[in-house]
Structure formats: C-alpha cells, structure tokens
Amino acid sequence: MDRREILDQVRKSSEHLKGIFDDEVETIVVDRRYGFINGIYKRAVSRPAIERLSASDKIDRIVLNRVLGIPIFLFLMWLMFKFTFTLSEVPMGWVESGQEWLGNVCSRFFPEGSAFQSLVVEGIIGGVGSVIIFVPIIFLLFFCMAILEDSGYMARAAFVMDRFMHKIGLHGRSFIPMILGLGCNIPGIMACRTIDQERDRLTTILVNPFMSCGARLPVYALLIGAFFPEKGGTVLYSIYILGIAMAIIMAKIFRKYLFPGPTAPFVMELPPYRMPTIKGVIIHMWERGVLYLKKAGTIILAGCVLVWFLGNFPWNPEYSKDYDRLKQEAMSDLASGLIMKEAMDETIANLESEQAREKMEKSYLGHLGRIIEPVVKPLGFDWKIGVGLFGGFIAKEIVVGTLGTLYAVGEADEESAPLRERIQKDTWPDGKKIYTPLTAFTLMVFTLLYMPCVAAIGVIYRETNSWKWPLFAAGYTTAVAWIVSFIVYQGGKLIGLG
Amino acid sequence: MKGGFMPLSMVNPGEEVTLMAIHAGYGLQSRLFSMGLSPGVKMKVVKGAPGPLVVLVRDTRLALGCGMAHKIMVR
C-alpha cells in the first residue's frame, strides 16, 4: 500500500464510523478506550461501597485553598531550607575535618615546596575538597525535594502558582520545569518540551536559569557558613525566593515584549497524595546527588587543576624585592643580636605572605584577574572572586573550587585552615576586609543570577536549535545579575550595611 | 438553569455534573478528549473558581485553568 491509499482508507473508515455512530471519530475512540479501561477496572478492582471524601480531597481542600495555598507553599519551602541547613551542619564538620587531615598528611608526604605538593594540596584537595564539603547539604536538599515530589505536593505547587503564573502570561504548567530547575537547570529546560505553545516554551526555557540549582548551593553554603551562621536557613531561603521572583519578572517582560500573545489553556493531572516510601526517596536523592559527586571528580577536578596551574605559573616570577635575601638578613640580624626571636619570626612571616601575594598577582591568573577586576569592583568583589565567577561558567561549583585553590596557594606549609576562615580574614591592600556580610550576600545574588553554566547553555541550544537563544540567555542573565548585584551592594552601602 | 448547559467554572465545589460539550478549537478539544474529558462523562468539582479548578474525572484529578473551564459546558 502506498501513502495515498492509506490516507484514502483512513478517510473512508472515519466516514463509515461517522455514519454508524453519528459522532466525531475522536469522541468515539476516546469513549471506546475509556469503556475498555472501565471494563477491566470493574473486573479487577473492588472498592468500598460507600463513597467517602478521600484523604486527597481533604488535603487538597486546605493545600489548594485560595487564601492559604501560596503561604503554605512558601512555608514548606522555608521548612525545607531550614531543615537542610540545620541538619547538614554536623556531617559537614566531619567532611571538613577529614579534608584538613588529608591536606596535612599529603603536605608532609610530598617534598616540601615542590610543584607536586602544591598541585595535590592546593589544587586538588583545596579546590575539589572545598566543593566536596557540601555533599551533605546537597543530599539533604535533594532528600527534601524527593519527599515533596513523591508525596504528590510538587504538582500542587504548580497548581497553586497558576494564579501567579497566569498574571505573567504563563500558566501553572510552566512552574514544573521551574521546580525541576531547583535540582538542576538542565532537566528543567528539557522538561519545557511538555509545554505546547512555542512562545510559552521559549519564555520558560529562558527564565529557567534563575531557578537556583544544586550547583550554586556550595557557594551559598560557604558564604552563609562564614557570614550568616545564625540565620542560615532564612538567608538561603531568601536567595531561592529571589531567584523565583526574578524568573517571574523576566517571564512577564518576555511575554509582553518578546513573545506577545494570549495565554495557552491549562490542563494538568494531579496525582493522588501518597506516603513517600523511604526507599523511593533515597533512590531519588541518590540518583541526583551522585551526579554532583561525579561532577566533582571530573569537570570540577579539571577546572581546579587548571586554576591551580594558572595561579602558580610562571613558577618563579621576577619579584619586586629579593625575598630570600631579606629573610637571610633578618636571620643574621637575630644572630648578631640586633633583634629578638619574635621580631624575626614576624618579619619572615610577613615576607612570606607578601611573596605569596606577589607571586599570585604575577601569575597568569593574576593577569586575568586584573582584567576582570574593574568589572566586578563596583559590586564589592576583588579579582579572586572575579576569577572564581569567570571559572563558574564551566560549572557553578567552580566558584568555590577556585577560591579554595586560590586561598590554599602559598599556605600549604601551614596548618590548613578551612576556606571559610580564610575568606573571613582576607583584606584589600588598604587593610579593609574584602568580605563583609554585604559583599557575601551580593556574591550570592550574583552567583544566583549570572550566566548559566556551559552545560545549560548547550541544552538551550539543543532545545531551541539555534545559537540565538543560548547566547541571548547568557547575555541577559549576566546583565540582570550585574544590575541587581549593583543595586544590592551600593544600596546596602548607602543604608550603612557594608 | 432549567435544562440548559452552564460552564464548568460556575459549578460549586462538591457538585457532580455531566460534561455536555466543549466550545474550543480542534487542538484543545482533542487534547481534552484524550485526557478523558469527553461528552457524557461524569465529573465532580473538588475546587471551584475563581482560580484554577480541580475536577475528579474517571478517578483522576485534573487541574483546569479557569479560562478553559469557561469553555466546558456541563449539566
């Protein structure tokens, strides 16, 4: 049979069926299908004779309530972050002390001052280790999200947000890719395939990167641990809510100017509530969490080694002072009784940290940093943060990995302090602290909003089949990030926060 | 509304109604059909307008936008 014959037959058959049933073919097919399902169902399932208000109905009556719906959603989110942050503190401490111990063992194991010692202790343990520390928090967050998903609540969240989404010209369905984006933007962007209207789909894809993915969590966790230890859950929550708010605002703008048109109708199936099983939740948590570990062992490892290389070479730059001679002089001063032992120790320590600083500034990374610094200075960031953010384009965890490597450089022979404590102490050349709570918060905002990672850009390209949208997404998110961070930082300074 | 149809969006929560017609384009109509919303089916409104509705159809809970509920005529 060729195609024409098939089509002819289809037309003939549907005319025939129309003649018999006096109805549209679609209607007949659907009726028959559900009739068939019903037949099997009646034979296979027995149910109590009395129709009662099911538990799902009762829960829905509260959760989907017009007044309570959104507050309940916001409260559950807050609870999730509070729970994640509070419970992860203890296991994170374990990982951190394990990493310190490993760093100290390795620095003794390799020859002092060698490039290899530096690579292992500063590059790998300092960089990858600072990302690995946050494994407990990632797993706990994914655990909470798995509970919300398996229980059937996440679909309700989409429903509750429909009213909001409707106002911005999208519907509740678009909220599901956004919620998925909280785990990772890539499945979030791919989930946009279920949105059938092209303009809705593009809008949802373009705002998805504002949903704060798991890879950004290490950056927040580092900064919150260092600067907001008491209010961790709340600060984290505010960042996530800011991301959702920005996504909604940008969607509204895109829908109005870039893709105008009426809102598509909204239909969605709501699964019944179920008690999540421990096994199911653990499997979900594991599947997502393990991706994070794999990433740490591959792309982040590679990124940290690259940062280490750029931060350490040229290995022997031309220094402005002859540090070795100055150290010798201090020692001979002690020997000839000109200065006390404490004074000599202090002079040598100062010289060493000055040398380490100069070495880094003369490295390739230092040069790159100097190019970036003017761009990020108005946001209160120094060149190290600038370089970290630059590397974060590969994967957002690398922001932390880079800082871990940069701060480990030149300190390998000392007892290695956690990165958290090192950034608390770092200062500008004029002695003012680089990191204040305001800078830390601004950095979180910037990390939340700026350019999606390379993998997300790739997925946007695949899903839209053009380079126009991924480039647009990278450009506009970075612009938004800069503007919002600028407002937060300069505004915060104006009202005297920083 | 004796004998007449009314839009689903006007049904109160807890009421049970029968779907009579869908006033929508071909694409939307066949989409709703395939989700089990075909003429003659009985549905119970769990949550009514304003805002999106939740209806129980063939043991499935469906969320429907309010705009769509205007186009679904029931009795």
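So, which strand of chain B does β1(A) pair with, and over how many bridges? Keep that one in mind while I set the scene. What we have up here is a predicted model, so everything I say is about that prediction.

Okay, the answer. β1(A) pairs with strand β5 of chain B, residues 60-64, in the antiparallel sense, and the pairing runs over 4 bridges. If you want one pair to click on, take A:Glu269: its bridge partner in β5(B) is B:Leu62.

Now zoom out to the whole sheet. It's an open sheet of 7 strands with antiparallel pairing, and the order reads β1(A)-β5(B)-β4(B)-β3(B)-β2(B)-β6(B)-β1(B). The edges are β1 of chain A, residues 267-270, and β1 of chain B, residues 6-7, and each of those pairs on one side only. For the general background, strands of a sheet pair through backbone hydrogen bonds, either parallel or antiparallel. Inside the chain B part, β2(B), residues 16-22, and β3(B), residues 42-47, are joined by 3 bridges, again antiparallel. There, B:Thr18 has B:Lys42 in β3(B) as its bridge partner.

Next, the interface. On the chain A side 21 residues are in contact with 23 residues of chain B. Which elements of chain A supply at least two residues each? Those are α2 (25-44), α3 (55-63), α7 (153-167) and β1. The largest share comes from α2(A), with 5 residues. By class, the chain A side has 10 nonpolar, 3 polar and 8 charged residues.

On to chain A itself. Chain A has 23 helices and 1 strand, and that strand, β1(A), is the one we just saw at an edge of the sheet. The C-alpha trace spans about 115 × 55 × 50 Å along its principal axes. Of the 498 residues, 42% are buried. And if you take contacts between residues at least 6 apart in sequence, 75% of them join residues at least 24 apart.

Let me show you two helix pairs. First, α14(A), residues 299-312, and α19(A), residues 397-408: their axes come within 9 Å and cross at roughly 40°. That's over 35 degrees and short of 65, so the two helices are oblique to each other. The crossing is right-handed. From α14(A), the residues involved include A:Ile300, A:Gly303 and A:Trp308, and they face a set in α19(A) that includes A:Gly401, A:Thr405 and A:Leu406. The contact comes out as 6 nonpolar, 5 polar and 1 charged.

Second pair: α15(A), residues 323-335, and α16(A), residues 341-362. Here the axes also come within 9 Å, but the crossing angle is roughly 175°, which makes α15(A) roughly antiparallel to α16(A). Among the α15(A) residues in this contact are A:Tyr323, A:Leu326 and A:Met331, with A:Met344, A:Ile348 and A:Leu351 among those from α16(A). This contact has 8 nonpolar, 2 polar and 3 charged residues.

Last stop: is α10(A), residues 198-207, mostly covered or mostly open? Mostly covered, with 8 of its 10 residues buried. The buried ones include A:Asp200 and A:Arg201 as well as A:Leu202, A:Ile205 and A:Val207. What covers them? The cover includes α8 (175-181), α9 (185-190), α12 (232-258), α22 (454-464) and α23 (468-494), each of chain A.

That's my tour, thanks.

How values were computed
Residues numbered from 1 in each chain as written. Chains lettered and ligands numbered in written order. Predicted model: local features only at pLDDT ≥ 70, side-chain atom pairs only at ≥ 80, totals over all residues. Pairing = 2+ DSSP bridges. Contact = placed C-beta atoms within 7 Å. Nonpolar A, V, L, I, M, F, W, Y, C, P; charged D, E, K, R; others polar. Axes fitted to C-alpha atoms, helices over the stretch in contact; angles between N-to-C directions. Parallel < 35°, antiparallel > 145°, perpendicular 65-115°, else oblique. Left-handed = near helix turned anticlockwise from the far one by under 90°. Buried ≥ 20, exposed ≤ 12 C-beta atoms within 10 Å, placed from the backbone.
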